Amino acid sequence: RSLPLTPWPQMPQQDDNEQLEATEVVYVRKKDAKTVKTYLEKYGQLNKDFRMTAAIVSSDWIAIPVRNNTDDAMVGHPLIIERGTQVCPYSTSRLGNHKHHYNSRQD
């Protein structure tokens, strides 16, 4: 089944300590987030550069970042409501790598 891409309608407020970027996501109900995250991780489709975050299209959903090359068949899990693009915060490991890279360039 082919899931339509849902554009994010507005830019969420950015916390001073959080860096955000738009990425591809799948939307799931909050109660299903862990199950779907584990499924995507098992098949190498979870984008670990970003953290899961509240969906801006519905307050009852969670946005789970997926790899850009993830095809519709891979996100065909029955608990996935739809696919879209949303601004998500970077993962702490990615932020740590950016800080380390920046600090090492100053030496």
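This is a chat about the fold, the cores, the largest pocket and the aromatic pairs of a predicted model.

Reader: How many helices and strands are there in the chain?
Author: In this predicted model the chain has 2 helices and 5 strands, and, read along the sequence, they follow the pattern β-β-α-β-β-β-α.

Reader: And what percentage of the residues is buried?
Author: Of the 107 residues in the chain, 37% are buried. As a general background, nonpolar side chains in soluble globular proteins tend to be buried together.

Reader: Which residues make up the largest nonpolar core here?
Author: That core has 10 residues in all, namely Val26, Val28, Ala33, Val36, Leu40, Leu46, Ile62, Ile64, Val66 and Ile80. The elements that give two or more residues to this core are β2 (20-29), α1 (33-42) and β4 (61-65), and the largest share, 3 residues, comes from α1.

Reader: What does Ala33 touch, if I leave out residues up to four places away in sequence?
Author: Leaving those out, Ala33 touches Val28, Met52, Ile62 and Ile64. Apart from the largest core lies another one, of 8 residues, which includes Val25, Tyr27, Ala63 and Tyr90.

Reader: Changing topic, what is the volume of the largest pocket, and which residues line it?
Author: The largest pocket has a volume of about 150 Å³, and its lining consists of Lys37, Glu41, Leu46, Asn47, Lys48, Phe50, Arg51, Met52, Pro65 and Ser91.

Reader: How many of the lining residues are nonpolar, polar or charged?
Author: The lining of the largest pocket divides into 4 nonpolar, 2 polar and 4 charged residues.

Reader: Phe50 is in that lining, so is Phe50 buried or exposed?
Author: Phe50 has a relative accessibility of 8%, and because buried means under 20%, Phe50 counts as buried.

Reader: How many aromatic pairs are there in the whole structure?
Author: A search of the whole structure finds 3 aromatic pairs. In one of them, the rings of Phe50 and Tyr90 have their centres 5.3 Å apart and their planes at 25°, and because planes under 30 degrees apart count as stacked, this pair is stacked.

Reader: Where in the chain are Phe50 and Tyr90?
Author: Phe50 is in the loop between α1 and β3 (53-54), whereas Tyr90 is in the loop between β5 (80-89) and α2 (92-105), so that the pair, 40 residues apart, links distant parts of the chain.

Reader: And is Tyr90 buried or exposed?
Author: Tyr90 counts as buried, at 9% relative accessibility.

Reader: What share of the contacts with a separation of 6 or more is between residues 24 or more positions apart?
Author: Residues 24 or more positions apart account for 77% of those contacts in the chain.

Note on methods. Residues numbered from 1 in each chain as written. Predicted model: local features only at pLDDT ≥ 70, side-chain atom pairs only at ≥ 80, totals over all residues. Heavy atoms only, no water. Core = buried A, V, L, I, M, F, W, Y, C linked by side-chain atoms within 4.5 Å. Buried < 20%, exposed > 50% of the residue type's maximum accessible area, 1.4 Å probe, protein only. Helix = DSSP H or I, 4+ residues; strand = E, 2+ residues; numbered from the N terminus. Contact = heavy atoms within 4.5 Å. 1 Å grid on protein atoms, 1.4 Å probe; cavity = no way out; pocket = protein on both sides within 12 Å on 5 of 7 lines; lining within 4 Å. Points joined across faces, edges and corners; volume = space filled by probe spheres on them. Nonpolar A, V, L, I, M, F, W, Y, C, P; charged D, E, K, R; others polar. Phe/Tyr/Trp six-rings, centres within 6.5 Å; stacked < 30°, edge-to-face > 60°.
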